[in-house]
Amino acid sequence: MTDELLVGITKTAGISETSGIAGRADGTGPAVRPADVEEAVRAAAAAEIMPRHRQLAAHEIVEKNGPHDLVTVADRLAEEHLTASLSQLLPGSVVVGEEAVHADPAVYDALSDDAPVWIVDPVDGTRQFVRGEPGFCTLVALAHRGKLLASWTYAPALDEMAVAVRGRGATLNGEPMRSAATVPGPLLQVATSHPDYTTDAQKRSLLGLRTDGIDARPCGSAGLEYLAVARGALDAVAFTWEYAWDHAAGLLLVAEAGGAQATLSGAPFRIAGGNDLPFTAGRDGATVDRVLRALREGA
């Protein structure tokens, strides 16, 4: 997959089998390969994230919205690194990054605009990163007019790179992944939102997962939970927040590995927001239906 050109962006954000991702609808604009994006993601992690893993000073860690919402100097510098490199790879594209939106919420509006948009979470699982654990990753997705085209999930401390290209499948370290490659166990294993990030109504929905046949637990890094679903190591996720940088890469990864997703109303998740929460992504459609039923019963 990494030696092929990405699919083309057309006026309807459709797929072309022959062109690269292009700045113009006729496919004659600049193109970018998945391998080039993968190299940019690896370079950002090598330069800005891994040298600070287990090396952070206290003043390099800041609470944004509470003790479970942290940002570090590695987050900021890695996002700056990726913003520069990704914009250069695809002229005319824009970047929506977690830290840029924190500084200026209007940046998020680019998800609904006409330009191709890179969606970036420089360090997903910042709490794990701060604790010196390996369970964090860098997430990058490319979208156009609300449609996800490609994604990269990179866990540098675990040496794992997952890539998904719309219509072309998903790989982990170059090997194809299938979300239903293993047989589900007697209990559905579901990773869910941390209770601190839920409304009372959402808490009631999540309580529906406390039922026979479902084993629910709080999630770690959202990106790595999606990766676990895509590789068949986890049955589903159920989340109550919709920031695109946490979900865009993983949702495409799960879809291209053969999985499914839906919001509480049954509609597909929209990366620009306005979703009926909670939502779920799972190893297959039957799993998603089962999780949705439990969530609705809780509500």
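Me: In this predicted model, which residue of S9 is the bridge partner of Thr171?
Reply: In the predicted model, strand S8 (residues 169-172) and strand S9 (residues 175-176) pair in the antiparallel sense over two bridges. The two strands form a hairpin with two residues between them, and Asn173 in the turn has a positive phi of about 50°. Within this pairing, the partner of Thr171 in S9 is Pro176.

Me: On the S7 side, which residue has Thr171 as its bridge partner in S8?
Reply: Strand S7 (residues 160-165) and S8 run antiparallel and are joined by four bridges. Their hairpin has three residues between the strands, and there Gly167 takes a positive phi near 80°. The residue whose bridge partner in S8 is Thr171 is Val163.

Me: Which residues of S8 point the other way from Gly169 and Thr171, and are they buried or exposed?
Reply: In a regular strand the side chains alternate between the two faces of the sheet. In S8, Gly169 and Thr171 point one way, and the residues on the other side are buried, as are these two. The residues pointing the other way are Ala170 and Leu172.

Me: Which strands stand at the edges of the seven-stranded sheet?
Reply: The sheet is open, has mixed pairing and follows the order S3-S4-S5-S6-S7-S8-S9. Inside that order, six bridges join strand S6 (residues 147-155) to S7 in an antiparallel run, with Thr153 standing opposite Ala162 in S7. Each edge strand has a single partner, so one side of each is left without a neighbour in the sheet, and these strands are S3 (94-97) and S9.

Me: What angle does the direction of H7 make with that of S6?
Reply: Helix H1 (residues 34-49) lies across strand S4 (117-124), strand S5 (137-144), S6 and S7, and runs at about 40° to S6. Helix H7 (residues 244-256) also packs on the sheet, where it touches S3, S4, S5, S6, S7 and S8. The direction of H7 makes with that of S6 an angle of about 100°.

Me: What angle does the direction of H8 make with that of S13?
Reply: Five strands form an open sheet of mixed pairing, in the order S11-S10-S12-S14-S13. Its edge strands, each pairing on one side only, are S11 (214-218) and S13, and the twist averages 20° from one strand to the next. Helix H8 packs on this sheet, touching S10, S11, S12, S13 and S14, and its direction makes with that of S13 an angle of about 25°.

Me: Why does Thr263 count as buried?
Reply: Thr263 lies in strand S13 (residues 260-263). Leaving aside neighbours within four places in sequence, Thr263 is in contact with Pro268, Phe269, Asn275, Asp276, Pro278, Phe279, Leu292 and Arg296. Buried means under 20% relative accessible area. Thr263 counts as buried because its relative accessibility is 1%.

Me: How are H5 and H8 oriented to each other?
Reply: The axes of helix H5 (residues 200-207) and helix H8 (residues 285-298) come within 6 Å and cross at roughly 130°, in a right-handed crossing. The contact is made by Arg204, Ser205 and Leu206 of H5 and by Ala294, Leu295 and Gly298 of H8, which by class gives three nonpolar, two polar and one charged residues. The two helices are therefore, with respect to each other, oblique.

Conventions. Residues numbered from 1 in each chain as written. Predicted model: local features only at pLDDT ≥ 70, side-chain atom pairs only at ≥ 80, totals over all residues. Heavy atoms only, no water. Axes fitted to C-alpha atoms, helices over the stretch in contact; angles between N-to-C directions. Parallel < 35°, antiparallel > 145°, perpendicular 65-115°, else oblique. Left-handed = near helix turned anticlockwise from the far one by under 90°. Contact = heavy atoms within 4.5 Å. Nonpolar A, V, L, I, M, F, W, Y, C, P; charged D, E, K, R; others polar. Buried < 20%, exposed > 50% of the residue type's maximum accessible area, 1.4 Å probe, protein only. Pairing = 2+ DSSP bridges.
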